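Student: I'd like a close look at the backbone of this model. Start with a helix contact, then take the strands and the unusual torsions. Keep it brisk.

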Amino acid sequence: MSLIDRLSGRLQRHPKRVVFPEGAEARVLQAARQFASRRLGVPLLVGDRAEIREKAAALDVKLDDIRIIEPSRSDDMEDFERKFEGLRRFGGAGDLDASVTLQQPHWFAAMMLATGRADALVSGATTLTSSGLRALLRIIPRREGTATVSSLQLMELADTRFGCDGVLFMTDCAVLADPTAEQLAENALITARIAWHLTNATPKIAFLSHHNRNNDTSPRFVGKMRIAASIARNRAHAEGFEIEVDGEIQVDVALSSAVAAYKGMADSPVGGKASVLVFPNLDSAHIATKMVEILAGTPTYGQILTGLKHPCAELSRGATAHDIFGTAVLVASQAVDARLLHGN
């Protein structure tokens, strides 16, 4: 059974509300229908009510158990405008006008998430990543003690020998162009906590490079990844967070026990068993994940934003309805207490 199916079964017992700012998009409508039909919670579609109904009718998508929210008609608008003005005074929203800005679905949906009107948010199906991120970064507070907002992508492989029963968590694939060692360590630990929350398995983190730690010939990336691994290991130990860490380490060593043995890395605590892959920069992460997704036809979900107080995701514009549904399941599951998610 896939991770998405396992989490769906648990969400049926602990349903959540997921808000979609692009409510009239066909793929979003199809994903929302599946979410509602499987009784995982309530999809909240933001947008023009007439347009959403018209699109749904054309697609033969029933809107039973799905809420449509039109910002201009919402009873929450006055309260949202008041809270937005508070953000503006403290610098979070700059010089944006509340009454104009909150008419835009992405901003309205972000305010729904921030004020508890929704449990999770999925956006990005029709907009550039930067457009959706802008509202989230201005409105959603960061997690306490977190300095950086980053992202992770989840890939679910048919071969369960890889990762955690076939599931790989990869960071950062969307936000930070060239993270520092400190940022890499923080991203890795946040991603590992999400991996643990969703799978209930000890995360095994590989800080990837083009060399292994016992063959250091080029300090350009290698040094950064080795330092990041050390920071993450020490911080996890101080926090009492049980993980396995290694780096720098090549991706074939991280994913294949046989290769780890051939290359003298059989002693690696994550060799052939890595479930969290940390890339040295955005270029390497984006190229690698897109290549595997396209060539292998591997189901990929996200980007899930990390470092924010509430669960949210910013999709690729190429996401299918299946991708959107799976991503909604993941962020909704993040909103379920881990003890409930895995306790029954």
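Tutor: What follows goes from one helix pair to one strand pair, then to four backbone outliers. Keep in mind that this is a predicted model.

Start with the helices. Two packed helices are described by the angle between their axes and the distance between the axes. Here the pair is H1, residues 3-11, and H13, residues 321-334. Their axes come within 10 Å and cross at roughly 50°. That angle makes H1 oblique to H13. The crossing of H1 past H13 is left-handed.

Now the residues in that contact. H1 contributes Leu 3, Ile 4, Leu 7, Ser 8 and Leu 11. They meet Phe 325, Gly 326, Val 329, Leu 330, Ala 332 and Ser 333 of H13. By class, eight of the residues in this contact are nonpolar and three are polar. None is charged.

Next, the strands. S8 spans residues 244-249 and is mostly covered. Five of its six residues are buried, which means under 20% relative accessible area. S8 pairs with S7, residues 204-208, in the parallel sense. Five bridges join the two strands. In this pairing Leu 208 stands opposite Ile 249 of S8.

S8 also leads to the torsions. Most residues other than glycine have a negative phi, and most peptide bonds are trans. Look for the exceptions.

Take the peptide bonds. Gly 247 and Glu 248 are joined by a cis bond, with omega about 0°. Glu 248 lies in strand S8 itself. A second cis bond runs from Thr 171 to Asp 172. Its omega is near -10°. Asp 172 sits in a loop, the one between strand S6 (167-171) and helix H8 (181-199).

Then phi. Asp 60 is not a glycine, yet its phi is positive, near 60°. Asp 65 is another non-glycine with a positive phi, about 65°. Where are they? Asp 60 is in the loop between helix H3 (49-59) and strand S3 (67-69). Asp 65 is found in the loop between H3 and S3 too.

Are these two aspartates buried or exposed? The cut-off for exposed is over 50% relative accessible area. Asp 60 has 64%, so it counts as exposed. Asp 65 has 55%, so it is exposed as well.

To recap the outliers by place: the Gly 247 to Glu 248 cis bond brings us to S8, where Glu 248 sits. The Thr 171 to Asp 172 cis bond leads into the loop between S6 and H8. The positive phi values of Asp 60 and Asp 65 belong to the loop between H3 and S3.

Terms used. Residues numbered from 1 in each chain as written. Predicted model: local features only at pLDDT ≥ 70, side-chain atom pairs only at ≥ 80, totals over all residues. Heavy atoms only, no water. Axes fitted to C-alpha atoms, helices over the stretch in contact; angles between N-to-C directions. Helix = DSSP H or I, 4+ residues; strand = E, 2+ residues; numbered from the N terminus. Parallel < 35°, antiparallel > 145°, perpendicular 65-115°, else oblique. Left-handed = near helix turned anticlockwise from the far one by under 90°. Contact = heavy atoms within 4.5 Å. Nonpolar A, V, L, I, M, F, W, Y, C, P; charged D, E, K, R; others polar. Buried < 20%, exposed > 50% of the residue type's maximum accessible area, 1.4 Å probe, protein only. Pairing = 2+ DSSP bridges.
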